[in-house]
Amino acid sequence: MSRIEGVLKSLKGQGRKALIPYITAGDPHPDQTVGLMHTLVEAGADIIELGVPFSDPMADGPVIQMACERALKHGTSLRQVIAMIKQFRETDDATPVVLMGYLNPMEAMGYEAFADAAADAGVDGILTVDLPPEEADDVAPLFTARNLDAIFLLAPTTTDDRIRSISEHSSGYVYYVSFKGITGASKINVDEVAAKVAHIHDITALPVGVGFGIRDAETAAAVGRVSDGVIVGSVLVDTIARNQADSDQLKRALTDLLHPMREALDGLAS
Amino acid sequence: MKLTEEMLSALPDARGHFGAYGGRFVSETLMDSLMTLEREYLRLKNDPEFQKTFDEDLANYVGRPSPLYFAERLTRETGGAQIWLKREDLNHTGAHKVNNTIGQALLASFLGKKRVIAETGAGQHGVATATVCARLGLECHVFMGAEDIKRQSLNVYRMKLLGAEVHSVESGTKTLKDAMNDAMRDWVSNVDETFYIIGTVAGPHPYPLLVRDFQSVIGRETRRQSLEQAGKLPDALVACVGGGSNAIGMFYPFLTDESVQMYGVEAGGLGIETGQHAAPLCAGRPGVLHGNRTYLMEDENGQIAGTHSVSAGLDYPGVGPEHSWLKDIGRARYVSVTDDEALDGFRTLTRVEGIMPALESAHAVAYALKLAPTMDKDQVIVINVSGRGDKDIHTIAQLDGIEA
């Protein structure tokens with residue numbers, strides 16, 4: 001059983017929902033990323049999605065674009081991001097880490113070298129925004145062979161046939177993009193999400209994490225009620241941007257943001 | 001490799017691949033739209049009504065066929081092969097771009113989409129899109145890098161006159177690649193009501209296929225005109241390559257004609273050795289950007305590199321996937337000329353033939369001027385003059401120190 005599967009099974013057993021924060025590696029500075037990951041765990045994260053910065057993040061809004069630019073200004077490379085996870089694992093071997101990013105940095109590193117390094121560092125899952133399963137034939141088996149979960153996206157526009165085939169290619173969880181748009185937009189409609197996620201649950205037994213548009217305890221609870229976990233990205237990255245000058249204050253701000261979400265999600269269990 | 005009609009008709013394959021290149025590397029939200037577009041295009045491609053409308057629009061609105069002109073004085077002064085010019089600069093809106101926007105806008109109408117978006121570099125594709133939208137009464141949004149808005153202000157104004165909204169793109173390098181990023185972001189956000197008219201043969205499948213099909217009218221006409229006027233097929237075709245839509249349109253109908261050499265001319269900028277250029281086929285390597293696998297300019301970590309060219313329309317770090325395939329199999333040759341050589345090409349064609357080419361097309365002119373003297377007098381070179389240079393006069397005047 002993968003670390004991701006283990007965590008999600010155990011949460012489900014307790015009737016709890018996963019809190020999955022996203023931050024961009026190397027933002028605001030590569031030296032701070034590992035510390036921020038520990039902060040996320042202390043504030044209640046069950047799984048961390050760590051973004052690999054890319055020069056052309058086509059699916060992201062301005063908040064994450066700017067995070068990528070900050071990280072790239074310091075030369076944050078995929079190899080360095082993997083090294084950060086290795087360092088994180090020195091003191092945390094329980095929290096699953098999913099690498100999230102775009103295909104080209106992985107292609108440039110070489111898929112086999114990337115999969116080897118990621119597995120060796122203690123990465124648990126790979127989510128590549130611009131790699132649909134149709135193009136993943138050569139890549140996904142390298143992940144599976146190393147016990148790395150391949151996590152794919154589902155969207156409001158995904159047809160039933162594709163939900164079925166994408167789920168067959170996925171392990172760990174599937175990531176449901178809550179609306180038609182880019183990260184950081186505020187278009188979430190909880191009723192629509194509830195209907196679609198219920199429908200996805202009819203088709204696949206995999207846990208469904210929902211991301212895009214979750215920014216506070218209220219939206220986290222509303223989406224958590226109808227899914228297996230919530231992914232929180234832009235609001236955290238924005239908090240990092242606004243508090244980058246003072247690392248203690250940044251820690252507090254992240255905790256103040258995540259903690260109410262954790263409590264709201266756990267409130268659903270009781 | 002000897003190409004046959006049979007081999008060509010199998011490309012791209014069902015997943016949009018040209019050999020190792022092409023494909024559909026996009027986020028899930030867009031997959032359904034791309035699959036619908038592919039299905040509808042493949043159906044309409046063989047629909048007589050659709051084809052008839054497309055052909056009539058090209059004839060009566062664009063003004064096709066565009067002439068194939070024998071540049072007699074240029075040939076004499078250059079020495080060597082006969083130089084002929086395919087006059088895409090004479091099309092309505094002044095460039096080859098309109099062939100494609102006519103086709104895609106027609107697709108948009110057949111699909112019932114009322115809102116159109118486009119990216120643009122030099123502004124030619126933006127103008128061509130705004131033009132067809134004005135004609136069909138479609139809402140039009142054009143994404144353009146802030147850097148390009150500065151150097152192509154005339155085209156920006158043209159688009160506004162045509163009723164388009166021009167969105168200034170401030171992210172990344174503020175040029176064509178960033179405009180394409182923002183167009184993709186808009187598309188994903190408004191996917192139900194929006195048709196994305198991509199201007200070049202790049203992007204996710206089926207765009208490289210349908211843009212190539214719409215632009216192939218250039219090569220089909222050239223083939224017929226060359227046989228009629230020069231009495232033979234061309235010996236060499238020369239076209240500039242940014243994304244590569246005018247080049248693929250010229251090359252494609254000749255791919256099975258083994259005697260026809262093809263030269264795609266990339267932007268060498270300040271020189272390939274300086275790194276300040278936009279020549280992925282000459283100096284890049286395969287990677288994935290904007291929905292397809294193709295040659296790219298990137299650093300060792302897979303981050304897309306900044307590009308440089310005097311010509312905004314060639315200032316792009318990628319290239320259409322079919323060109324990547326043609327390079328690898330050796331069917332077309334890809335070369336580059338520098339900014340300075342392109343400017344010389346511009347001046348030469350202007351002074352010697354009274355034809356002012358776009359700075360993009362001037363790259364093809366510059367290479368042909370080097371190629372012609374190496375060939376025999378009875379041989380024929382066709383240069384694709386993909387656009388006219390009016391939009392670049394401001395840039396040239398500035399380089400000459402003149403306030404225009």
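**Entry 1: β4 of chain B**

I started at a strand pair in chain B: the bridge partner of B:Tyr69 in β4(B) is B:Leu85. The model I am reading is predicted. B:Tyr69 led me to β3(B), residues 68-70, and I found three bridges joining this strand to β4(B), with the two running antiparallel. I then looked at what else β4(B) pairs with. Six bridges join β4(B) to β14(B), residues 380-385, and these two strands run parallel. As one point of register I noted that B:Arg87 stands opposite B:Val385 in β14(B). Strands of a sheet can pair in either direction, through backbone hydrogen bonds.

Is β4(B) enclosed or open? I checked burial along residues 82-87: five of the six residues are buried, so the strand is largely enclosed by the rest of the structure.

**Entry 2: the four-stranded sheet of chain B**

Next I looked up the sheet that holds β1(B). Four strands of chain B make an open sheet, in the order β1-β2-β12-β11, with antiparallel pairing. Which strands stand at the edges? They are β1(B), residues 17-18, and β11(B), residues 285-289; each has a single partner strand, so one side of each is left without a neighbour in the sheet.

I followed β1(B) to its partner. Two bridges connect β1(B) with β2(B), residues 21-25, and the strands run antiparallel. In this pair B:His17 stands opposite B:Gly22.

I also asked what lies across this sheet. Helix α14(B), residues 321-329, lies across β1, β2, β11 and β12 of chain B. The helix runs at about 45 degrees to β12(B), which covers residues 291-296.

**Entry 3: where chain B touches chain A**

I turned to the contact between the chains. Chain B puts in 28 residues and chain A 33 residues. On the chain B side, the elements giving two or more residues are β2, α2 (28-45), α9 (176-189) and β11. Which of them gives the most? I found α9(B) at the top, with six residues. Sorted by class, the side of chain B that touches chain A has nine nonpolar, 11 polar and eight charged residues.

I note that β2(B) and β11(B) appear in this list and also belong to the sheet of the previous entry.

**Entry 4: helix α6 of chain B**

I checked the length of α6(B), residues 124-136. The helix has 13 residues and reaches 18 Å from its first C-alpha to its last, close to the 18 Å expected at 1.5 Å a residue. I then looked at burial and found α6(B) mostly covered, with 10 of its 13 residues buried. Among the buried ones are B:Gln124, B:His125, B:Val127 and B:Cys133.

What do the buried residues of α6(B) pack against? I listed α5 (97-110), β5 (115-120), β6 (139-145) and α8 (153-161), which belong to chain B. Just after the helix, B:Gly137 takes a positive phi of about 70 degrees.

**Entry 5: A:Ile82**

I picked one residue in chain A to look at by itself. A:Ile82 lies in helix α4(A), residues 78-89. Is A:Ile82 buried or exposed? The residue has 24 C-beta neighbours inside 10 Å and therefore counts as buried. Setting aside neighbours within four places in sequence, I found A:Ile82 in contact with A:Ala117, A:Ala118, A:Ala121 and A:Val123. I also looked up a pair with A:Gln65: A:Ile82 is 17 residues from A:Gln65 in sequence and 20 Å away in space, C-alpha to C-alpha.

**Entry 6: the chains as wholes**

I closed with totals. Chain B has 17 helices and 14 strands. Its radius of gyration is 19 Å, close to the 22 Å that the globule rule gives for 404 residues, so chain B is as compact as a globular protein of that length. The C-alpha trace of chain B spans about 55 × 50 × 45 Å along its principal axes. I found that 62% of the 404 residues of chain B count as buried.

For chain A I noted 12 helices and nine strands. A compact globule of 270 residues would have a radius of gyration near 18 Å, and the 17 Å of chain A agrees. The C-alpha trace of chain A spans about 45 × 40 × 30 Å along its principal axes. Of the 270 residues of chain A, 55% count as buried. Among contacts in chain A with a separation of 6 or more, residues 24 or more positions apart account for 74%.

Technical notes. Residues numbered from 1 in each chain as written. Chains lettered and ligands numbered in written order. Predicted model: local features only at pLDDT ≥ 70, side-chain atom pairs only at ≥ 80, totals over all residues. Pairing = 2+ DSSP bridges. Contact = placed C-beta atoms within 7 Å. Axes fitted to C-alpha atoms, helices over the stretch in contact; angles between N-to-C directions. Nonpolar A, V, L, I, M, F, W, Y, C, P; charged D, E, K, R; others polar. Rg over C-alpha atoms; globule rule 2.2 N^0.38 Å. Buried ≥ 20, exposed ≤ 12 C-beta atoms within 10 Å, placed from the backbone. Expected span 1.5 Å × (residues − 1).
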